[in-house]
Amino acid sequence: MRSVVSYVLIAAVAGFVGASFTKAPELIDKISNRVAPISDPEGFWSTPAIEGYGKMHYESDVAYKPNINDSNKIVFQITRAENAPQDPNLGLERVARVVNLYVASGVPAEKLKFVVSVTGEGTPAMLNNEQYHRIYGIDNPNLKLIGALRAKGVDVSVCDQSVAFHHFQSNWIDPSVTHALSSPTTVSTLENQGYAFLSM
């Protein structure tokens, strides 16, 4: 048989928990008021190489900055579609950010050896306008970004195994995109050639 002290303790804890739940809305309001969005000053973000994409904030006095004397070879793998069909794929935006960071650090775009390998859920981003419009009802918002990346020497490729798994025809892929045997073989082949690997 439990002692009276045990019951008093249980009642006290229950009362504390109950009071905490009733105060929850007030606590959320207090926290929300303290973390109000802060507007960034003019020029805080920039896109020096891929205009309008991959915004970044540059600091000159930092460690591990890209160097023009390094190989600057990277293969990026994009496997996801994290946002709505009307927005450019976030993985491609991240690649644009890396290009912007390298260029801001003093590495000319022509010295970059960047390859993007798109597979999995990211594959529809590689469709031409006609097929993208057929599926999503809008023009493909990724094509302008792919064009901007290509203009800076970035090769954007698609995994043809993923194209097949999506039941896309080969000619549905935009002509600006390189067809690759697969994403895994693209990554492994380029890593054997000294490329660094980044999952985007």
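# A tour from Y136 to the parallel sheet

Select Y136 to begin: at 34% relative accessibility, this tyrosine counts as partly exposed, a class lying between buried (under 20% relative accessible area) and exposed (over 50%), as computed with a 1.4 Å probe and protein chains only. The model is predicted, so local features need a pLDDT of at least 70 and side-chain atom pairs count only at pLDDT 80 or more, whereas totals for chains, interfaces and linings use all residues. Residues are numbered from 1 along each chain as its sequence is written, and side-chain values use heavy atoms, leaving out hydrogens and water.

**Aromatic pairs**

Colour Phe, Tyr and Trp next. The structure holds five aromatic pairs, a pair being two rings (for Trp, the six-membered ring) with centres within 6.5 Å; planes under 30 degrees apart count as stacked, over 60 as edge-to-face and the rest as tilted. Y136 and Y132 form one such pair, a tilted one, at 4.6 Å centre to centre and 45 degrees between the planes. Both tyrosines belong to helix α3 (residues 129–136), where they are four residues apart, about one turn of the helix; helices (H or I, at least four residues) and strands (E, at least two) are DSSP runs numbered from the N terminus. In contrast to its partly exposed partner, Y132 is buried, with 4% relative accessible area.

Move on to F168 and W172. Their ring centres are 6.0 Å apart and their planes meet at 45 degrees, so this pair is also tilted. Both residues count as buried, F168 at 12% relative accessibility and W172 at 16%.

Keep W172 in view and add R134. The charged end of R134 sits over the W172 ring, 4.7 Å from its centre; the criterion is that NZ of Lys or CZ of Arg lies within 6 Å of the ring centre and within 35 degrees of the ring normal. Another charge over a ring can be displayed by selecting K55, which lies over the face of W45 at 4.9 Å from the ring centre.

**The overall fold**

Return to the cartoon view of the whole protein. Six helices and five strands make up the secondary structure, in the sequence pattern α-β-α-β-α-α-β-α-β-α-β. Of the 200 residues, 34% are buried. Contacts (heavy atoms within 4.5 Å) with a separation of 6 or more are 68% between residues 24 or more positions apart. The exposed surface is about 12,200 Å², with carbon and sulfur atoms supplying 57% of it, by the Shrake-Rupley method with a 1.4 Å probe.

**The sheet**

Which strand order does the sheet have? Its five strands form an open sheet in the order β4-β3-β2-β1-β5, with parallel pairing. The edges are β4 (178–180) and β5 (196–199), each of which pairs on one side only. From one strand to the next, the twist averages 30 degrees.

Select β1 (residues 73–78). Four bridges join β1 to β5 in parallel, where pairing of strands requires at least two DSSP bridges; Q77 stands opposite S199 of β5. With β2, strand β1 pairs in the parallel sense over six bridges. Here I74 faces F114 of β2 as its opposite residue, and F76 stands opposite V116 of β2.

Why is β1 described as largely enclosed by the rest of the structure? Five of its six residues are buried. The description also applies to β2, because five of the six residues of β2 are buried.

Display the rings of F76, Y102 and F114: ring pairs link these three into a cluster. Then show helix α2 (residues 90–104), which lies across β1 and β2 (113–118) and runs at about 160 degrees to β1. The angle, on a scale from 0 to 180 degrees, is taken between the N-to-C directions of axes fitted to C-alpha atoms, for helices over the stretch in contact.

**Two buried residues**

Select N142 in helix α4 (residues 142–151). N142 is buried, at 2% relative accessible area. Leaving aside residues up to four places away in sequence, N142 touches D87, P88, N89, L92, A125 and Y132.

End at T123, in the loop between β2 and α3. Is T123 buried or exposed? With a relative accessible area of 0%, T123 is buried. Not counting residues up to four places away in sequence, T123 touches V118, V158, S162, V163, H166 and F168.
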